[in-house]
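The following exercises treat strand pairing, packing, enclosed space and backbone geometry. Each task is followed by a solution that proceeds step by step.

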Amino acid sequence: MRMGVWALAIFAALTLPAQAQQYPARQVTIYVPFTAGGGSDLLARLVAQKLEERLGKPFIIENRPGASTTLAAMQVVRAAPDGYTLMQGTSSTMAINVTMSKKLPYEPLKDLVPVALLSSSPFFLVVAANSPFKSVADIIAAAKAKPNSLNYGSGGPGSMHHLSTELLQSLAGIHMTHVPYKGTPPAMNDLIAGQIQLLFGDTTSTLPFIQQGTVRGIAVTTAKRSPAAPDIPTVAETVPGFESASWQMLLAPGATPPAIVNQLNREVHAIFSDPAVIQELERRGIGPALTGTPDEVSAFVKKEIVRWGDVVRRAGLAGSQ
């Protein structure tokens, strides 16, 4: 009897460390570098909800916008690498800021480790509903006939709206005039009013206007057509090699144990294996874009740093922030 008691005590002592190391054992915080209510925030909240359901602990969202996603990134970089502080990073966080910033206060792929790629969403090239332009070819022809005569809006210098247009100009051999705004909504207002002639708009801000007929959707920027608007062609159907997307990924502090990173990667993949989740995201114009293991996501980031670095330098924006 006494030996049985001792055996139980020894078993409990041996299993206690494993129980203490079980992840997650408490609340997890995911930082989102944008204000609440936008497409990025909606995606983060959906992922957080599903992770909470699967893992049984709260996953809460902290919105920390500012400094081209750097404010949110530094919250994660400075956090303990234990899996309890995560971030929904973007193409700016992990690729574009590398070349745009004079001195980036963190090093992507060292201070931040990719967990899983969550989405790859198109931008829509739009013109006013009464515009004479019906296609990408029309815009290119007009821009070649009168260089710099067309004004295009963006969400600000170095934004994906801006860099998408710079990529189009580079590949098509055209020159247009950049008119920066503080976000897509004011640019959209001026597009409708005729102050600018075209705009690459993010899906959540632009698709409702296309569906209402307020603006005309000319093309989407991803390699494939968007399920949310399958009748709108891709830019690449006219300009081969063009591809631009707003991608987002789950990130953790750089020294986070691989076991936790791999566990979260598996959970995210399981979430995106649910057809209902995919359907909901595609309805909102958000394209799920899982790329396998954390190592595969890191390889993707390395390529994006090089690709967008070239675009930033051609636009004369290197070290401008």
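## Exercise 1. The sheet that contains S5 and S9

Task: Determine in which sense strands S5 and S9 pair, and over how many bridges.

Solution.
1. Strand S5 (residues 123–128) and S9 are paired in the antiparallel sense, with five bridges. The model in question is a predicted one.
2. Within this pairing, Phe-124 is found opposite Val-220 of S9.
3. S5 also pairs with strand S8 (residues 198–202), again in the antiparallel sense, over four bridges. Here Phe-123 faces Asp-202 in S8.
4. These pairings belong to an open sheet of five strands with the order S7-S6-S8-S5-S9 and mixed pairing.
5. Strand S7 (177–180) and S9 are the edge strands, each with pairing on one side only.
6. Direction ignored, neighbouring strands of this sheet are turned by 30 degrees against each other on average.
7. Helix H7 (184–193) lies across S5, strand S6 (151–154), S8 and S9, and runs at about 145 degrees to S8.

Task: Explain why strand S9 is largely enclosed by the rest of the structure.

Solution.
1. The criterion for a buried residue is a relative accessible area under 20%.
2. Of the six residues of S9 (residues 215–220), five are buried, and the strand is therefore largely enclosed by the rest of the structure.
3. S9 is nevertheless an edge strand, pairing on one side only.

## Exercise 2. The sheet that contains S1 and S3

Task: State the strand order of the open sheet to which S10 belongs, and identify its edge strands.

Solution.
1. The sheet is open and has five strands in the order S2-S1-S3-S10-S4, with mixed pairing.
2. Its edges are strand S2 (59–63) and strand S4 (112–121), each of which pairs on one side only.
3. The average turn between neighbouring strands of this sheet is 25 degrees, direction ignored.
4. Strand S1 (residues 28–32) and strand S3 (residues 85–90) run parallel and are joined by three bridges. Tyr-31 is positioned opposite Met-87 in S3.
5. Helix H3 (residues 70–77) packs on the sheet and touches S1, S3, S4 and strand S10 (246–253). The direction of H3 makes about 145 degrees with that of S3.

## Exercise 3. Cavity and pocket

Task: Which residues line the largest cavity, and which helix gives the most to its lining?

Solution.
1. The whole structure has one cavity of 30 Å³ or more. The volume of the largest cavity is about 30 Å³.
2. Its lining consists of Ile-30, Ala-44, Val-47, Ala-48, Gln-88, Leu-118 and Leu-250.
3. Helix H2 (residues 39–55) gives the most, with three residues.
4. By class, six lining residues are nonpolar, one is polar and none is charged.

Task: Describe the lining of the largest pocket by position, element and class.

Solution.
1. The largest pocket has a volume of about 1000 Å³.
2. It is lined by 38 residues, of which Phe-34, Ser-40, His-161, Thr-184 and Asp-202 are the closest to its centre.
3. At least two lining residues are supplied by each of H2, helix H4 (91–100), helix H6 (160–172), H7, helix H8 (203–212) and S10.
4. H8 provides the largest share, three residues.
5. The classes are 10 nonpolar, 26 polar and two charged residues.
6. Asp-202, listed above among the residues closest to the pocket centre, is also the residue opposite Phe-123 in the pairing of S5 with S8.

## Exercise 4. Backbone exceptions

Task: Where is the cis peptide bond that joins Tyr-23 to a proline, and what is its omega?

Solution.
1. Most residues other than glycine have a negative phi, and most peptide bonds are trans.
2. The bond between Tyr-23 and Pro-24 is cis, with omega about -5 degrees.
3. Pro-24 is placed in the loop between helix H1 (2–21) and S1.

Task: Are Ser-68 and Leu-109, with their positive phi, buried, partly exposed or exposed?

Solution.
1. Ser-68 has phi near 55 degrees and is situated in the loop between S2 and H3.
2. Leu-109 has phi near 70 degrees and is situated in the loop between H4 and S4.
3. Partly exposed residues fall between the limits of 20% and 50% relative accessible area.
4. Ser-68 has a relative accessible area of 30% and is therefore partly exposed.
5. Leu-109, at 28% relative accessibility, likewise counts as partly exposed.

Terms used:
Residues are numbered from 1 along each chain as its sequence is written. This is a predicted model: local features need pLDDT of at least 70, side-chain atom pairs count only at pLDDT 80 or more; totals for chains, interfaces and linings use all residues. Side-chain values use heavy atoms; hydrogens and water are left out. Buried means under 20% relative accessible area, exposed over 50%, partly exposed in between (1.4 Å probe, protein chains only). Two strands pair if DSSP finds at least two bridges between them. On a 1 Å grid over the protein atoms alone, a cavity is a set of points where a 1.4 Å probe fits but cannot get out, and a pocket is an open set with protein on both sides within 12 Å along at least five of seven lines; lining residues have an atom within 4 Å of a point. Grid points are joined across faces, edges and corners, and a volume is the space filled by probe spheres set on the points. Ala, Val, Leu, Ile, Met, Phe, Trp, Tyr, Cys and Pro count as nonpolar, Asp, Glu, Lys and Arg as charged, and the others, Gly among them, as polar. Axes are lines fitted to C-alpha atoms, for helices over the stretch in contact, and angles run from 0 to 180 degrees between N-to-C directions. Contact means heavy atoms within 4.5 Å.
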